[in-house]
Amino acid sequence: MFWETISLAFREIRRNVLRSSLTILGIVIGVAAVITLVTLGGGATAQVAAEISSLGSNLIQVRAGQGFRGPGRTSGTAKPFKLDDAKAIAQQISGIAAVAPNASRSAQVIAGNTNWSTSITGSTNDFLFVRSWSLANGRSFAESEIRSGKAVCILGATVKRELFGEQDPLGASVRFNTITCQVIGVFEAKGQSSGGNDQDDFILVPLRTLQRRLAGNTDINAIFVSAQDGVSTTKVKEDIERLLRERRRLGEGQDDDFFVRDMQEIMSTLTGTTRILTTLLGAVAAVSLLVGGIGIMNIMLVSVTERTREIGIRLAIGAMEQDVLMQFLVEAVVLSSFGGLFGIAFGLGAAALGAKAMNMPFIFNPGIVALAFVFSGGVGIVFGFFPARKAARLDPIEALRHE
Amino acid sequence: MNSREATRSAAPLIELQGVTKIYGAGVAAMPALRGIDLVIEAGEFVAVMGPSGSGKSTCMNILGCLDKPTSGTFLFEGFEVGGLSRDQLAVMRRSCLGFIFQGFNLLNRTSALENVELPLIYRGVPVALRHRRARAALATVGLAGWESHTPGELSGGQQQRVAIARAIVTEPKVLLADEPTGNLDSARSREVMELLTTFNRQQGLTVIMVTHEPDMAAYAGQQIHFIDGLINSAALTGRTL
């Protein structure tokens, strides 16, 4: 009996393909919108989460300038840090695991007859720890190399690939500006960041080497601080802010001319965005499913009127109320489930395209797919019930007389 | 002798006692049946006649368990049917009754076989058995080989025979025919009437048929004439009450 009801529903839907497709359009659009946005949102979240973990979750960034807060001075005009600032942070603030002062310049790098434009970063060995870099091969800087500012470098994976291809770069020389630098190591690849930047496209040299031979000053653009495990990064962040205000002689009421960011801040921005997105999605889904449901109810009511005579025949030859009720209810549910299935297919397709276009990972979320399907079926039950009951309660005599 | 007494002592298949049916209420009340007494024994072939508005359709609806009497008693094999609920009446229809209509009332765009199967589906008969019984029923009405045709592809006479097959496939106790030949020419009408007569004689199927045509009524063993919501006893033919 159940299979007969299902196959009957399919037959009725097939009989009116155009009408059925228009009927489910609302549900298709609603479900597709939800699936697309949730899937893309999941991809974006995963990407940022991966990036944060690749940066190190204890990381605190200190930069000159006012960051993203409002208009004003950019980091270019702000007073840069000096090595003493980094040293002060390392010595005076508790709960810190490592501090990596950081300066960088872009340069054209030449090895043999190939060249590559990249950025040169100067720092200490702490850079590796603080930014969670590990070496694919070779070694990190020796203490003497850092102190004397020797011309040695560690290549990012992209630079290594562009300049050396499959060859082993260890011991080879690369040239940029007037320096000839010996390659002592290669970093493990990290891939792209969420902003689309290639994180592996850089060369690390000792800080002093960069300052003396490339920049010609003793400025530091950024200080990367790693808090100890279990220490509140918020607390460390506040301590750093207080210390730097003191060192930069900022009086009461004067704005910071530097900014300190921890990963928690980035995380909370992210979760805030996700929450807004989820709320919007819920609203979109609710409205479109409501509209879709009303569409289904409307068409089912028309269908009941059109098929009054058929209902009369069925009742006369022995269908019970519940048989007729089930017939129309199943039809509504099959219709709306079809809407759900098409919506899921379109949604996943759009999400896959979108993820590709935006260079994000495509993460299939079975939970939301199942939820969307169950919901669309539920819409069929809710909005199909009234027309189905109307059909089931028809008077067989009246129905048989209906033309 | 003994067997005859046994049938007598058993309750008649259908018995109406003082059945009335009033549509509307108050001043607008319109009595369609004004106290009908009727006994139909199993195996009879009854023709119901009368002008339109005489109450014969109302009476057929009550006998067909599609409608309930306003007052009076409707006994089916001795059981009171008048007080049954909608679903109980549906069970009565599916288990004891078969219907044939003037307009055939087949499901369009549905094959003859599927039309005949329909009442079996509601009875929960398994697919294989259902197919077999529906094919057999179609063969009985002379439509073997027409199983996959839809009503639109069949002539009026063939459509009515499909309807007959649908009515008898469940082996009902009573076949209710509402002007079964009303839409057919005389040759097709004769075919249909001969089929009904055959089922009545060979299988002892009780047939109650509404008709306007005396030619068709002549096939029946008994005629009941309705007039103004009452049975016209003077016009009763065949066995008297």
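Visitor: In which strand of chain B does Leu175(B) lie?
Guide: In this predicted model, the residue belongs to a strand that covers residues 174-178 of chain B. That element, the home of Leu175(B), is strand 7.

Visitor: Is Leu175(B) buried or exposed?
Guide: A residue counts as buried if 20 or more other C-beta atoms lie within 10 Å of its own. Around Leu175(B) there are 22 other C-beta atoms within 10 Å, so Leu175(B) is buried.

Visitor: Which residues does Leu175(B) touch, not counting residues up to four places away in sequence?
Guide: Among them are Gly98(B) and Ile100(B), together with Ala167(B) and Ile168(B). The others that Leu175(B) touches are Phe199(B), Leu205(B), Thr206(B) and Val207(B).

Visitor: How many residues has the largest nonpolar core, and which element gives the largest share of it?
Guide: Leu175(B) is one of the residues with the most contacts inside this core, as are Ile35(A), Val48(B) and Ala165(B). The core has 121 residues, and its largest share, 13 residues, comes from helix 11 of chain A.

Visitor: Why is strand 1 of chain A described as largely enclosed by the rest of the structure?
Guide: Looking at its two sides, Leu59(A), Gln61(A) and Arg63(A) are buried on one, and Ile60(A), Val62(A) and Ala64(A) are buried on the other. Strand 1 is largely enclosed because the buried residues number six of the six.

Visitor: Which residues stand opposite Arg63(A) in strand 9 and strand 10 of chain A?
Guide: Strand 1 of chain A runs antiparallel to strand 9, with five bridges joining them, and the pairing of strand 1 with strand 10 is also antiparallel, over five bridges. Opposite Arg63(A) stands Ala222(A) in strand 9, while in strand 10 the residue opposite is Phe259(A).

Visitor: Where does helix 12 of chain A bend?
Guide: This helix, residues 366-392, reaches 37 Å from its first C-alpha to its last, close to the 39 Å expected. A bend of about 45 degrees is nevertheless found in helix 12, and Pro387(A) follows within four residues of the bend. Both Pro387(A) and the residue at the bend are buried, and the residue at the bend is Gly384(A).

Visitor: Which helix of chain A gives the most to the side that touches chain B?
Guide: The contact takes 16 residues from chain A and 19 residues from chain B. At least two residues of the chain A side come from each of helix 1, helix 10, helix 11 and helix 13. With four residues, the helix that gives the most is helix 10.

Notes
Residues are numbered from 1 along each chain as its sequence is written. Chains are lettered from A and ligands numbered from 1 in the order in which they are written. This is a predicted model: local features need pLDDT of at least 70, side-chain atom pairs count only at pLDDT 80 or more; totals for chains, interfaces and linings use all residues. Two residues are in contact if their C-beta atoms, placed from the backbone, lie within 7 Å. The expected span of a helix is 1.5 Å times one less than its number of residues. The bend at a residue is the angle between axes fitted to the seven residues ending there and the seven starting there. A residue is buried if 20 or more other C-beta atoms lie within 10 Å of its own, exposed if 12 or fewer, and partly exposed in between; C-beta atoms are placed from the backbone. A nonpolar core is a set of buried Ala, Val, Leu, Ile, Met, Phe, Trp, Tyr and Cys residues joined through C-beta atoms within 7 Å. Two strands pair if DSSP finds at least two bridges between them.
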